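Biologist: Please take a close look at one part of this model, the surroundings of a single residue. Then work outward from there, step by step.

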Amino acid sequence: MSSSSGNPKSSHPELTPLETAPPRVEAPPSVSGGLPSVLSATRHALAEMGPLRGTKELLKVNQRDGFDCPGCAWPDPDDRRDLVEFCENGAKAVAEEATTKRVTPDFFARHAVAELAQWSDFEIGKAGRLTHPMLLREGATHYAPVTWEEAFDILAEELRALPSPDEAVFYTSGRASNEAAFAYQLFVRMFGTNNLPDCSNMCHESSGVALKETLGVGKGSVSLEDFQHADCILILGQNPGTNHPRMLATLQAAAQRGARIISLNPLLETGLKSFAHPQKFWTWMGRGTPIATLHLPVKVNGDIAALKGLMKLMLEAEDRAPGTVFDLAFIAEHTRGFEAFVEALRATRWEEILEASGLERERLAAAADLLIGSKATIACWAMGLTQQTSAVGCIQEVVNLLMLGGHLGRKGAGVCPVRGHSNVQGDRTMGIHEKPGEAFLDALQRTFRFDPPRHHGHDTVQAIRAMHEGRVGVFFALGGNFLSAAPDTAYTAEALRRTRLTAHVSTKLNRSHLVTGRRALILPCLGRTEADHQASGPQIVSVENSMGVISPSRGNLAPGSEHLRSEVAIVAGLAEAVLVRDPAAPTVDWKAWTANYDLIRDHIAQVVPGFEGYNRRLREGGFHLPHAVRDQRHFDTPSGKAEFTCHAIPHLTLPEGGLILMTLRSHDQFNTTIYGLEDRYRGVTKGRRVIFLNEADLARRDLLPGQRVDITSHFQGETRRAEGFFTVPYEIPQGCAAAYFPEANVLVPIGHVTGRSHTPAYKSILITLSPH
Ligand SMILES: Nc1nc2c(c(=O)[nH]1)N[C@H]1C(S)=C(S)[C@@H](COP(=O)(O)OP(=O)(O)OC[C@H]3O[C@@H](n4cnc5c(=O)[nH]c(N)nc54)[C@H](O)[C@@H]3O)O[C@H]1N2
Ligand SMILES: Nc1nc2c(c(=O)[nH]1)N[C@H]1C(S)=C(S)[C@@H](COP(=O)(O)OP(=O)(O)OC[C@H]3O[C@@H](n4cnc5c(=O)[nH]c(N)nc54)[C@H](O)[C@@H]3O)O[C@H]1N2
Ligand SMILES: [Mo]
């Protein structure tokens, strides 16, 4: 197979257009946050919302009576009543949603779908909020307005006509509230399938799999308070300055009281160099607080080797002075597999470690010293680990490292996968999962008296393949931008085109609305910032952050249009239209659920452990879900112990002259939503179609800085191409390259997934370059 992105006019509506002018490139700044953050946030807020709405909204983010930030999943301090937690990228997320611009039926009448596809993702997003349900009829060139009833009828007609419920796919992005997510998965299972792929499949799935196997719980084991007690904090494959800016305030406080912070990342990200809290005026003038004590510039995909190097050094120190490095009591009482693990570690050769990690032994030794000296270590990670070729093994090596020192179920220590979307963790807790657990299904069966399907459904990559093979008639998405977030853009586009109907519940226009099945629906919904008024009065929803804390969220803005419906109301409307009523069977009163979300929460409390007294505790401000490892040092694995595991160092065979490419986020985007064209912390502005390369790699290929290149990816004899990327010389290990998501997604082979989590290996793509 070979696909290419020319980008070129209408023949490739799925791809982002080429950029003809080169971006501006400067040296990256040495301090993050500070005044530039405030200015950037203010500019976005003013441009989208105007002065009044803008200020009002920013003051409501993450406050007890306000809404949960639609940005990332980093937790809020427990007492947030008198604190306005300012965050530049949170402000942009709010501005993007609370914009006063509108995408009306008139907009769709003026712009054909084919024309919109020529716009950049930035331009598409800036068009504004969707206002009406819209239908793209078969063969039509333009979307036209429909009523909600017509929209539900079309969905019911198509869904009921399927030969099997398994020929429908129901995707979820991680912004859906707990209430919407619970109602949605219930509807989908009553309809008869577990085809519930979600953005988690592309995100932290590897963390869930890795942690469940070794520790018995697929979630992080630390709370925010632990950061006040940690001696050492590892930040692995994560760029918090951009993607979790509020985490920098936590890290700053830790650094100021003397905690050591180690960054393992091919890039020295600006947020990890130094941070000036945008709210603490006196630090603006200064140089900020240094964050990372030590930076390890690991090669892309070299983390297993690096972690083994660190653990080998710890083992050598333990051999020299037994009982001083390892927590032997913890290991004996709570773990299994220690001897085999140590044996494998001893057998791992230093040459292999140094070659695969690209790190010097001295640097590793400096980091190992910090780890050895730490009584409480936290390991944080994000996509730099989860989207590698051996992601599950890599995360399990992180677990090994913590177990050696007993850093689990101890104050100031533990695992901290830092989640992406603001409620991605909650959606999973609510049952958005293509492989639901038996206990969860049993609880659904008991509570709602129906037989939920027991066979597993499609994850994201399987869903794309099934669509491509013509085995799916209807693709429905609760949020997100499936086309642009998924791997292998051209393949995914073809997959979507082969369905009969694609339908998206969305706040804003995106490329997934432009590459469709035979028919397509856009169902516009309320966002987090907007007041949700139903028959019983104003509603609150709830979300779970990255540390298992459930909080209420209440929007306060007037809805962007009178035709918007809440996600709960849309799911309920869909269920009423689609599910065939058996008068004898007890059914869900979907209308009552829509009228009063308390009823949904009462049912959640019956099905999901940890949600007893849900409504009461939510109104008291929220609550922590129990966590067996954190609370009781209990490991819910089959053996009842935390498991040491052994993993080989992965070796990728590069093509001649090849590089390994990671795809990542700029400072000015939220996933596929492009806020602007400024990657300020990497010094690149006014353009996104860039590829970051080591100067030696440029020279070796006779390429100049700022020259345009075409990128070819290689996988099992297949090639894929993306054209017209400007080279940017950058401090990145030799042999490695970086480009932005979603521009580079066309290069990610559909079959290139991490072993057991089936996550696309977005961070390990084998490429070659040629002049454009
Ligand atoms: N403003 C903003 N906030 C966001 C998002 C956003 O797009 N914008 N997205 C949200 C979502 S859904 C998520 S999942 C998170 C994502 O948050 P991150 O995971 O921080 O996002 P990425 O940009 O994918 O960057 C990952 C980091 O991994 C590093 N990396 C890449 N490959 C490797 C490797 O092989 N080894 C190591 N050690 N590091 C590597 C990169 O250099 C980069 O610093 O952020 C969430 N928050
Ligand atoms: N190459 C590459 N690809 C990646 C990644 C990568 O690092 N590299 N990261 C992956 C990761 S971690 C993730 S999480 C996925 C993200 O995948 P998705 O979650 O599918 O993508 P988003 O870009 O976050 O979705 C944006 C759209 O969501 C809609 N939206 C926003 N707010 C709401 C809301 O409140 N309700 C509803 N119903 N809709 C709303 C808007 O219409 C907006 O256009 O992408 C993955 N893709
Ligand atoms: Mo994510």
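Modeller: Start with Met430. Leaving aside neighbours within four places in sequence, Met430 is in contact with Asn178, Ala181, Phe182, Gln185, Phe440, Ile604, Val608 and Phe611. Keep in mind that this is a predicted model. Met430 sits in the loop between α20 (424–429) and α21 (438–448). Is Met430 buried or exposed? Its relative accessible area is 0%, so Met430 counts as buried. Along the chain, Met430 and Glu179 are 251 residues apart. In space, their C-alpha atoms are separated by 8.2 Å.

Now the nonpolar packing. The largest nonpolar core has 65 residues. Which of them touch the most other members? They are Leu159, Phe170, Phe187, Leu521 and Trp590. Helix α7 (residues 178–191) gives the most to this core, with nine residues. Apart from this core lies another, of 58 residues. Ala210, Leu294, Ile353 and Leu408 are among its members.

Take Leu521 from the largest core. Beyond its neighbours within four places in sequence, Leu521 is in contact with ten residues' worth of surroundings that include Met134, Leu135, Val146, Ala151 and Ile154. Leu501, Thr502, Ala503 and His504 are also among the contacts of Leu521.His504 leads on from there. His504 lies in strand β18 (residues 501–506). With 2% relative accessibility, His504 counts as buried. Leaving aside neighbours within four places in sequence, the contacts of His504 include Phe475, Ala477, Ser512 and His513. Leu521, Ile522 and Leu523 are in contact with His504 as well.

Next, the charged pairs. The count for the model comes to 52 salt bridges. One of them joins Arg519 and Glu157, with the closest N and O atoms 3.2 Å apart. Arg519 lies in strand β19 (residues 519–524) and Glu157 in helix α6 (residues 148–160), so this pair ties together parts that are 362 residues apart in sequence. How accessible are the two partners? Arg519 is buried, with a relative accessible area of 16%. Glu157 is partly exposed, at 48%.

Now step back to the domains. The chain is divided into domain 1 (132–198 + 423–612), domain 2 (205–418) and domain 3 (654–771). The centres of domain 1 and domain 3, taken over C-alpha atoms, are 33 Å apart. Their contact takes 15 residues from domain 1 and 15 residues from domain 3. Between them, these two domains bury about 1,200 Å², 57% of it on carbon and sulfur atoms. On the side of domain 1, Val461, Pro487 and Asp488 lose the most area to domain 3. Together they make up 41% of what that side buries. How many salt bridges are found across this interface? The rule finds one. Asp488 also forms a salt bridge with Arg720, the closest N and O atoms being 2.8 Å apart.

Move on to the annotated region. The unreviewed UniProt entry carries the annotation "domain: Molybdopterin dinucleotide-binding" over residues 659–765. Over those residues the chain is 6% helix and 41% strand. The end C-alpha atoms of the stretch are 8 Å apart.

Two more salt bridges deserve a look. The side chains of Arg688 and Glu743 meet at 2.7 Å, N to O. Arg688 lies in the loop between β30 (684–685) and β31 (690–693), and Glu743 in the loop between β34 and β35 (765–771), so the pair ties together parts that are 55 residues apart in sequence. Both Arg688 and Glu743 are buried.

The other pair is Arg700 with Asp697, whose closest N and O atoms are 2.9 Å apart. They are three residues apart in helix α30 (residues 695–700), so about one helical turn separates them. The partners of this pair contrast in accessibility: Arg700 counts as exposed at 54%, whereas Asp697 is buried at 3%. Elsewhere, salt bridges that share partners join Glu48, Glu96, Lys101, Lys126 and Lys508 into one network.

Finish at Glu731. Glu731 lies in the loop between β33 (718–729) and β34 (736–740). Its relative accessibility is 67%, so Glu731 counts as exposed. Which residues does Glu731 contact, leaving aside neighbours within four places in sequence? They are Pro266 and Leu267. Glu731 and Pro266 are 465 residues apart in sequence, yet 8.6 Å apart in space, C-alpha to C-alpha.

Definitions and conventions
Residues numbered from 1 in each chain as written. Chains lettered and ligands numbered in written order. Predicted model: local features only at pLDDT ≥ 70, side-chain atom pairs only at ≥ 80, totals over all residues. Heavy atoms only, no water. UniProt positions renumbered as here; feature names shortened; annotations may be inferred. Helix = DSSP H or I, 4+ residues; strand = E, 2+ residues; numbered from the N terminus. Buried < 20%, exposed > 50% of the residue type's maximum accessible area, 1.4 Å probe, protein only. Contact = heavy atoms within 4.5 Å. Core = buried A, V, L, I, M, F, W, Y, C linked by side-chain atoms within 4.5 Å. Domains from an automatic or database assignment. Buried area = accessible area lost by both parts, 1.4 Å probe. Salt bridge = Lys/Arg side-chain N within 4 Å of Asp/Glu carboxyl O.
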